[in-house]
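Thanks for coming. I will go through one model today, a piece at a time, and please hold questions to the end.

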Amino acid sequence: MKMIFKVAKTELRNLFYSPVAWFLTIAFMVQCAVFYTYALYPLAKWQEIFAKNNPKFKDFNVSLTAGMYLDPNGIFVNVLQNLYLFVPLLTMGLISREINNGTIKLLYSSPVKLREIVFGKYLAIMLYNLLLVGIVGIFIVTGLFTIRSADYGMLLSAMLGFYLLMCCYTAIGLFMSSLTTYQIVSAISSFMAVFILSRIGGLWQKYDFVRDLTYFLSISGRTSKMLQGLITTKDVIYFVLIVYMFVSFTMIKLKGGRESKPWFVKATRYVVVVVVVLAIGYVSSRPALTGYWDTTVGDINTLHPNTQKIIKELGKEPLEVTLYTNLLGGGAGPGFPENRNAYLTTLWERYQRFKPDITFKYVYYYDVDDNDSSIYKNWPGKSLKEIAAQVADGYDLNASLFMSREEIRKKINLEPEGYRLVMQLKYKGETTFLRTFDDNIFWPEEQQVAPAFKRLLKADLPKNLYLTGNLERSIIKRGEREFRFHTIEKTNRNSLINLGFESDTLSLDHADIPANITTLVLADPKTELSATTMSKLKQYIDKGGNMFIVGEPGKQQMLNPLLAQLGVRLMDGTLVQLSKDEMPHMVLPFITPTAANLADEPFLLILREAYKEHGDSLFMTTPGTTAFAYADTGAFVIKPLLQTLENRAWLKAGTLVTDSTPPEFNPGEGDTQAKAYANYISLERKVNNKDQRIVLGADADMMSNLRQGGSFLGKGFYSWLDDNHYPIYTPRPKPLDSLFTISSAGAAMLKIVYVWVLPGAVLLLAIVLLIRRKRK
């Protein structure tokens, strides 16, 4: 060990007695300073402006640690992107300089062992890498003082990733330096090797034999988890193995230069090292053998405890996931063989952390709906098999990989899933589908995966029944006024069917209300409810059943006989709210604190916090609405969910003309005005030792397909009606590191110090040291 340290000390002395190391140090320091201070100053400036002009401003409500360091414009991302430019210049002379100067022969003839030479030189580079880490550490420490409650765990994890990547790059450079006597050739070779390892993960991914091999060797993305604050054993072991491989290659190369053995003997040594690395890498990357450490404050890289609890219920029984990819269906691309590793990493790795016994299967086929003739119009005169062959050729795929229509239909019926990319989960003989979506995320998230696991566990999922028989809004039709989009639309990530709810229809004139349903929905009937329907609804309400009832202006008489039982009435007329931008029937009530506290819907959580800190709310558009009249003296506790601002709206009697001159308030025509109007309300009481919950709405259009089912507020309604069991929300704590503790003047000063003064001081030190060295 002493000799290794002596070699390392000598190498470090040679390194800093040359301009290269100093140049790289100063360039790296300036780069870090620019990316840090040029991001810090404008944010600190804006914070002062917000605080000065808005007394309610408290913080940015986002993680400034992630923004400053891990954002695409942050320091770590940019430093890592440019790191490969520094390494070739740093390592190009490690071995080649000794060979070119002839000093390698002196080392060989000295009592120093070959491994001590290689380990000593690499140790010197590792120590230099620590110097670069120390430079980054300057800005990390600065961040700890300039950001309130900075997430130091995330920063330390990112620094580890940076150091391991730097050691990996320099190990490659060490080996390349041993291959040639020309330093420039060594530098170019190092650059090319890093480039190849960065791109090899995308090569030959179509072929099963080499897919995992090239994906493992790829260095691209290996630091991404550590940058986000998640340290995994397989990533750490990967870097250690790559360092071991190239350091071993260096020793093999130098040893081979001193021996006169056949080429295949020397080649065998390289092969043995590669095989050992791949074997250890394969074993260490198995989910059951992978360890995880989420260093972030809020465990943001870890599944939410709600999801973990469900996975724990699955126990040790294996879970099988089959990905069905339709060559001619929607979303096919991410399901192709070359994207298999990305699919596993992006979607399933987080779940394998807690359930490593998930097995994966892949089925490729081609099929189209029997009622869809568009594909034949686009490919005139060709059969489906011929079309599939042409499409496969366009994707550069082998057509034989895909099962025919006849074969896949014998295996499984995918028509209900629209023949798009879908996963089938199988557990203890139970199966369910997990869908993909045509949005920026594409793959399902925790809110979709968790209820899928619940279905496999035969859990009692919430069931909503939508009444029919009186021309109510339909959950089957796709028209803009209907309710399909937020209920059973499988391509909508946030539809109830993808969040764990079951939806069905029921006519009370022909069937009774089943027991143990979650919510009975009566959506805007256009004809009078029959005596049979009214009787069954009265019994259901008296027993404590939950309901969601929505109506529309002009049809108040259809619902008021039922609402009278609840002590509520839809008022006559249509609400009018004049605006310079909207038509008069587009009323904008605000979301009340009661509505904000209905559920842990992410946007409602934000609104809840805004109410708490600033008293602010959000307005919802209700196109064509009336209001409720009620007295909070009956059996129910009644609270407004959506309510107009004071003295902003009135009730227009008769027919409201929306495409003419603005209407005027006219009491003589029956117009009335109150201080404020509520057009969505909640009712709650105790019946039979359970909470009975009812939501009433005076505007059914807000829940329509056109309005995306009331969006986040609609989901909040359904969650509250289900006692907040579903959707399975995964809220994250509010970031604490959301405020700077430095002024813009201080940030400007840091910019001068870090960009100019500190590099200038290091440059001056380098000049003095190099001049003194030259004089000696």
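**Walking through the model**

Let me start at one proline. With a relative accessible area of 47%, Pro 416 is partly exposed, because that category runs between under 20% for buried and over 50% for exposed. Pro 416 sits in the loop that links helix H18, residues 405-411, to strand E5, residues 422-427. Its C-alpha atom is 9.8 Å from that of Asp 369, although these positions lie 47 residues apart along the chain.

Before going further: this is a predicted model. The chain has 776 residues, and 51% of them count as buried. It contains 25 helices and 20 strands. The C-alpha trace spans about 110 × 70 × 55 Å along its principal axes.

Back to strand E5, the one that follows the proline loop. E5 pairs with E3 in the antiparallel sense, over five bridges. If you want a residue pair to look at, take Thr 322, whose bridge partner in E5 is Gln 424.

E3 covers residues 319-326, and it also pairs with E4, residues 358-365, this time parallel and over eight bridges. Here the pair to find is Asn 326 with Tyr 365 in E4. What joins E3 and E4 into a β-α-β unit? Helix H15, residues 340-352, does, and the unit is right-handed. How many of the eight residues of E3 are buried? Seven of them are, so to speak of E3 as mostly covered is fair.

As a general reminder, strands of a sheet pair through backbone hydrogen bonds, either parallel or antiparallel.

Next, a sheet further along the chain. Eight strands make up an open sheet with mixed pairing, and the order is E8-E7-E9-E10-E20-E19-E17-E14. The edges are E8, at 502-506, and E14, at 590-591; each has a single partner strand, so one side of each has no neighbour in the sheet. Within this sheet, E19 (residues 678-687) and E20 (residues 690-697) run antiparallel and are joined by eight bridges. Ile 681 is found opposite Leu 696 of E20.

Now two helices. The first is H8, residues 152-177. Its 26 residues should span 38 Å at 1.5 Å a residue, and the end C-alpha atoms are 37 Å apart, so the two figures agree. Is H8 enclosed or open to the outside? Of its 26 residues, 23 are buried, so the rest of the structure largely encloses this helix.

The second is H9, residues 183-199, which gives the most to a nonpolar patch, with seven residues. The patch lies on the surface and consists of Leu 85, Tyr 182, Ile 184, Val 185, Ile 188, Phe 191, Met 192, Phe 195 and Ile 196, with about 860 Å² of accessible area together. Take Ile 196 as one example from H9. Its relative accessibility is 46%, so Ile 196 counts as partly exposed.

To recap the two helices: H8 is largely enclosed, with 23 of 26 residues buried, whereas H9 supplies seven residues to the nonpolar surface patch. That is what I have; questions now.

Notes: Residues are numbered from 1 along each chain as its sequence is written. This is a predicted model: local features need pLDDT of at least 70, side-chain atom pairs count only at pLDDT 80 or more; totals for chains, interfaces and linings use all residues. Side-chain values use heavy atoms; hydrogens and water are left out. Two strands pair if DSSP finds at least two bridges between them. Helices (H or I, at least four residues) and strands (E, at least two) are DSSP runs, numbered from the N terminus. A crossover is right-handed if, with the strands pointing away from the viewer, the path from the first strand over the helix to the second runs clockwise. Patches are made of residues with over 30% relative accessible area and no salt bridge: like charges are joined within 9 Å, nonpolar side chains (Val, Leu, Ile, Met, Phe, Trp, Tyr) within 5 Å. Accessible areas come from the Shrake-Rupley method with a 1.4 Å probe; for residues, only the protein chains shown count as cover. A salt bridge is a side-chain nitrogen of Lys or Arg within 4 Å of a carboxyl oxygen of Asp or Glu. Buried means under 20% relative accessible area, exposed over 50%, partly exposed in between (1.4 Å probe, protein chains only). The expected span of a helix is 1.5 Å times one less than its number of residues.
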